[in-house]
2 protein chains.
Amino acid sequence: MSSETAGPAFTPRHDHDRCVSRALETAAEVCRRQGARLTPQRRRVLELVWASHRPVGAYTLLEELRAEGINAAPPTVYRALDFLLEHGLIHRLESLNAFVGCTHPGKPHAGQFLVCRGCQEVAELDERRITRAVEASAADLGFSAEHHTVEISGLCDHCREHAGE
Amino acid sequence: MSSETAGPAFTPRHDHDRCVSRALETAAEVCRRQGARLTPQRRRVLELVWASHRPVGAYTLLEELRAEGINAAPPTVYRALDFLLEHGLIHRLESLNAFVGCTHPGKPHAGQFLVCRGCQEVAELDERRITRAVEASAADLGFSAEHHTVEISGLCDHCREHAGE
DNA sequence: TCAAAGGCGTTATAGTATAACGTTACTTTC
DNA sequence: GAAAGTAACGTTATACTATAACGCCTTTGA
């Protein structure tokens, strides 16, 4: 149940290949529905972002593309990332200047993230409780909230156990 | 009451000079208590950050210092900002790479911000509701939250009225 | 007074992101 | 299926954000 909500980020031995292939399939479907073109390059960037549940920087992606012989410059990567962001296929972590795959693409939602400072993995939440608290607090001040970013750092279960404290 | 919680950010005609002088007085007191040195330069940077309720970038501060004839380079500004952050006198807005004055310094607290996309002003919250929702959601997944960043963008009361919609 | 620590100047560089322009490739319309 | 329009991409240059590293000077406390 928990791991269903959080995604498999903090489940060390999950079948990650399935994460990736499911993400790619869903992406293809989302793009089809939205009439967007998931070109090979965009698809490859998405796949690289999904290579782990850790946020990845744009310039790391750039190096990886180049290592594959793809002729890329910063705009190559940023364009792909912008496309993936616009279509809700990845998220940007503001506090890290880095990107992670979206675990429930298709439906727009606010970004809520647990970021483990031990293993660096990130789990995405979609918690009504948080959304409601945020919207209610804003509304109390006459502020109409349109979007919220919630980034929670700390230690995941696994890292807490293996770190003494 | 509301404006007490939110600070005066969204109150267009508040007496901003009082905001600034209070912030500087409080800062002096906080530093005294903590045995920290609020040097003229640090004080000046804090004052510049407080010049408005809009987040200000490090390089804007740098230009302002230089315009005053102060011989400054990027590290000058970043050192002052780091000091002010460490002592809880300012906050960094992750989604904007910019800084705002802290409206209730002294007591450590998580950063929760309302960012108006109309006037660019920022109000700081310290909402138990949000903190509780965040901590509860994290705990449900076995994650121990240590710090959270909440940045809410939208329109403040004033801008919503003056923007048609 | 002297040793240690802190603050700051200075230069260089790392890391993140976008502007602007031209070309190629896809798609739509006739 | 050719022309026109749009989207994707290559390329170069540059802007913006942040830190490393070293040395000097000032303050602090023994």
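Look first at the surface near DNA strand C: α5(B) gives the most to it, with 4 residues. Keep in mind that this is a predicted model. Other elements help out too: α4 (58-67) and α5 (74-86) of chain A, along with α3 (40-49) and α5 (74-86) of chain B, each supply at least two residues of that surface. In total there are 18 residues around DNA strand C, and the ones that come nearest are Pro74(A), Asn97(A), Thr39(B), Ala73(B) and Pro75(B). Sorted by class, the surface near DNA strand C has 9 nonpolar, 6 polar and 3 charged residues.

Now step back to chain A as a whole. You'll find 7 helices and 5 strands in it, and along the sequence they run α-α-α-α-α-β-β-β-β-α-β-α. The radius of gyration of chain A is 17 Å, close to the 15 Å that the globule rule gives for 165 residues, so the chain is as compact as a globular protein of that length. Here are a few more values for chain A.

| Property of chain A | Value |
|---|---|
| Span of the C-alpha trace along its principal axes | about 50 × 45 × 30 Å |
| Residues that count as buried, of 165 residues | 36% |
| Share of contacts with a separation of 6 or more that join residues 24 or more positions apart | 58% |

Next up is the sheet, which draws on both chains. Its 6 strands form an open sheet with mixed pairing, in the order β4(A)-β3(A)-β5(A)-β5(B)-β3(B)-β4(B). Why is one side of β4 (122-125) in chain A and of β4 (122-125) in chain B left without a neighbour in the sheet? These strands stand at the edges and each has a single partner strand, so there is nothing in the sheet on the other side. On average, neighbouring strands here are turned by 20° against each other, direction ignored.

Zoom in on the chain A edge. β3 (residues 111-116) of chain A pairs with β4(A) in the antiparallel sense over 4 bridges. Phe113(A) has Glu124(A) as its bridge partner, while Gln112(A) has Leu125(A). Two helices pack on the sheet as well. Helix α6 (residues 128-140) of chain A touches β3 and β5 of chain A plus β3, β4 and β5 of chain B, and its direction makes about 130° with that of β5(A). Helix α6 (residues 128-140) of chain B touches β3, β4 and β5 of chain A plus β3 and β5 of chain B, at about 130° to β5(B).

Is β4(A) covered on both faces or open on one? Both are covered: Val122(A) and Glu124(A) on one side, and Ala123(A) and Leu125(A) on the other, are all buried.

Conventions
Residues numbered from 1 in each chain as written. Chains lettered and ligands numbered in written order. Predicted model: local features only at pLDDT ≥ 70, side-chain atom pairs only at ≥ 80, totals over all residues. Pairing = 2+ DSSP bridges. Axes fitted to C-alpha atoms, helices over the stretch in contact; angles between N-to-C directions. Contact = placed C-beta atoms within 7 Å. Buried ≥ 20, exposed ≤ 12 C-beta atoms within 10 Å, placed from the backbone. Near = placed C-beta within 6 Å. Nonpolar A, V, L, I, M, F, W, Y, C, P; charged D, E, K, R; others polar. Rg over C-alpha atoms; globule rule 2.2 N^0.38 Å.
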